[in-house]
Amino acid sequence: MELTLFVWRQNDSNEKGSLKKYKAMGITPEMSFLEMLDVVNEDLIIKGEEPIAFDHDCREGICGTCSQTINGIPHGPQEKTTVCQLHMRHFRDGDAIYIEP
């Protein structure tokens, strides 16, 4: 899958933030949303860019620290699912995904 991500980026509370566009390539439907972000971050690190920061702890759907707003929906489109348990099979190849705190 290839996706276009629009990620809210903000250095600190004193600075104005904005959405920044990224490409997510080589994503498989079996990946979790956080695994997809890991793939994007690996690419950003290779390019010498700042990786996307996100909270996570258990990655097992227990703690809830992975909360994000995905396409305007808290925790994303799958009802009763934490972001770490949200899989990319709920998105389509070519989708644009908006990720905000």
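Strands here are DSSP runs of at least two residues, numbered from the N terminus. By that numbering, His-75 sits in the loop between β4 and β5. The model is a predicted one.

**The loop between β4 and β5**

His-75 has a positive phi of about 70 degrees, although His-75 is not a glycine. His-75 is partly exposed, with a relative accessible area of 30%. Lys-80 lies in the loop between β4 and β5 too. Its phi is near 60 degrees, again positive in a residue other than glycine. Lys-80 is exposed, at 82% relative accessible area. The cut-off for exposed is over 50%, so Lys-80 qualifies.

His-75 also appears among the contacts of Gln-68. Gln-68 belongs to the loop between α1 and β3 (69-70). With 6% relative accessibility, Gln-68 counts as buried. Neighbours within four places in sequence aside, the contacts of Gln-68 include Phe-33, Leu-34, Leu-37 and Phe-54. Also among them are Ile-73, Pro-74, Gly-76 and Val-83. Ile-99 and Glu-100 are on the list as well.

**Aromatic pairs**

How many aromatic pairs are there? The count comes to two. Their geometry is set out here.

| Pair | Centre to centre | Angle between planes | Type |
|---|---|---|---|
| Phe-6 and Tyr-98 | 4.6 Å | 10 degrees | stacked |
| Phe-33 and Phe-91 | 5.9 Å | 45 degrees | tilted |

Phe-6 and Tyr-98 link distant parts of the chain. Phe-6 is in strand β1 (residues 2-9), and Tyr-98 is in strand β5 (residues 96-100). They are 92 residues apart. Tyr-98 is partly exposed, with a relative accessible area of 34%.

Phe-33 and Phe-91 also join distant parts of the chain, 58 residues apart. Phe-33 is in helix α1 (residues 33-46). Phe-91 is in the loop between β4 (73-74) and β5. Is Phe-33 buried or exposed? Phe-33 is buried, with a relative accessible area of 0%. Phe-91 counts as buried as well, at 7% relative accessibility. Both values fall under the 20% cut-off, so both rings belong to buried residues.

**The nonpolar core**

Nonpolar side chains tend to be buried together in soluble globular proteins. Here, the largest nonpolar core has 23 residues. Which of them touch the most other members? They are Leu-5, Phe-33, Met-36, Leu-37, Val-40, Met-88 and Ile-97. Phe-33 thus has two roles in this account: the tilted pair with Phe-91 and a place among these core residues.

The elements giving two or more residues to the core are β1, β2 (18-25), α1 and β5. Helix α1 gives the most, with six residues.

Leu-5 shows the contacts in detail. Leaving aside neighbours within four places in sequence, Leu-5 is in contact with Met-36, Leu-37, Val-40 and Ile-97, among others. Its contacts also include Lys-20, Lys-21, Tyr-22, Ala-24 and Ile-99.

**A nonpolar surface patch**

Some nonpolar side chains are on the surface. Trp-8, Leu-19 and Tyr-98 form a nonpolar patch there. Together they have about 250 Å² of accessible area. Leu-19 lies in strand β2. Leu-19 is partly exposed, with a relative accessible area of 38%. Tyr-98, at 34%, is partly exposed too. Patch members need over 30% relative accessible area, so Leu-19 and Tyr-98 both pass that cut-off. Tyr-98 therefore appears twice: in the patch and, with Phe-6, in the stacked pair.

Methods
Residues are numbered from 1 along each chain as its sequence is written. This is a predicted model: local features need pLDDT of at least 70, side-chain atom pairs count only at pLDDT 80 or more; totals for chains, interfaces and linings use all residues. Side-chain values use heavy atoms; hydrogens and water are left out. Rings of Phe, Tyr and Trp (its six-membered ring) pair if their centres lie within 6.5 Å; planes under 30 degrees apart count as stacked, over 60 as edge-to-face and the rest as tilted. Helices (H or I, at least four residues) and strands (E, at least two) are DSSP runs, numbered from the N terminus. Buried means under 20% relative accessible area, exposed over 50%, partly exposed in between (1.4 Å probe, protein chains only). A nonpolar core is a set of buried Ala, Val, Leu, Ile, Met, Phe, Trp, Tyr and Cys residues joined through side-chain atoms within 4.5 Å. Contact means heavy atoms within 4.5 Å. Patches are made of residues with over 30% relative accessible area and no salt bridge: like charges are joined within 9 Å, nonpolar side chains (Val, Leu, Ile, Met, Phe, Trp, Tyr) within 5 Å. Accessible areas come from the Shrake-Rupley method with a 1.4 Å probe; for residues, only the protein chains shown count as cover. A salt bridge is a side-chain nitrogen of Lys or Arg within 4 Å of a carboxyl oxygen of Asp or Glu.
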